[in-house]
Amino acid sequence: MQLQLLGMKVVEDSLANLLSKLGLPPLKAPFPEQKAAQVPTEEAVSESAPATGGEQPAPESVPQPVTALDQFQAAMREGNHESAIQLAQDALQDPQCSERATYVSYLIKQFSERKEFSTAIALLQQERQVLQDQGETRYEPGYFFAQNKILAQSGDISGATEGFHEFLTKYPNQVKQMPAAIEMYLQLGKYVEALPLAEKALELAKAGTDRDLQGHLMELLDALRRKI
């Protein structure tokens, strides 16, 4: 056995000398009898794999599907509001739509600017029912307020005033929204109808600590009294 190893050592030295004379790098792999077999790494296997027609191109990224929200936002950017309105209405047909608030806000703005008040009110009523069915209460105060505001803009002052009183009763912590409603009544010249709303709003505001809100409501109340 020792003679065999000695012979292999002589062969190895001879190969090393020959490779050195030829200017070639020395052998990297050891003889199996001297060291345990080396397991090639994945990189080595990859590097030693035969070429299959040159350098392989990097895999192309898979394009992401265009969503309904992407199409809606693209239409808005392009100023194509007719298309955006249709896309928003289509999206709202799905009760599980996760972007409902985005679509509703956009549609209400568009319908109000076009003075399509009945369409805006119907949308808000429908959306409030959908949210109620889902047990979602986050947007209810805002939608109820918007519905009353649009009623006033449409000329239904009685319905709007009744709605705002109910709003303050249900959501007294949302009194901070009332200055916008009272200012709208002032613009519409509905001073008598706005007066009790302003008084009720101020009473609720005084129960809190928002001095700016209290001051704003007092100014509006004074303005209403001067008009009557």
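**Buried, exposed and what says so**

Student: Why is Lys 176 called exposed?

Tutor: This is a predicted model, and in it Lys 176 has a relative accessible area of 51%. The cut-off for exposed is over 50%, so Lys 176 counts as exposed.

Student: Okay, and where is Lys 176 placed?

Tutor: Look in the loop between α8 (157–170) and α9 (178–188). Lys 176 is also 40 residues from His 216 in sequence, with 9.9 Å between their C-alpha atoms.

Student: What about Gln 110: how do you know whether Gln 110 is buried or exposed?

Tutor: Same routine. Gln 110 comes out at a relative accessible area of 7%. Buried means under 20%, so Gln 110 is buried.

Student: Which residues does Gln 110 touch, leaving out those up to four places away in sequence?

Tutor: His 81 and Ile 85. Touching here takes heavy atoms within 4.5 Å. Gln 110 itself sits in helix α5.

Student: Moving to α3, which residues of this helix are buried?

Tutor: In α3 (residues 68–77), look for Phe 72, Ala 74 and Ala 75.

Student: What puts them on the same side of α3?

Tutor: Their arc around the axis is only 165°, so they end up on the same side of α3.

Student: And what do the buried residues of α3 pack against?

Tutor: Two helices: α4 (81–91) and α5 (100–113).

Student: Which residue just after α3 takes a positive phi?

Tutor: That's Gly 79, with a phi of about 75°.

Conventions
Residues are numbered from 1 along each chain as its sequence is written. This is a predicted model: local features need pLDDT of at least 70, side-chain atom pairs count only at pLDDT 80 or more; totals for chains, interfaces and linings use all residues. Side-chain values use heavy atoms; hydrogens and water are left out. Buried means under 20% relative accessible area, exposed over 50%, partly exposed in between (1.4 Å probe, protein chains only). Helices (H or I, at least four residues) and strands (E, at least two) are DSSP runs, numbered from the N terminus. The arc is that of the directions from the helix axis to the C-beta atoms.
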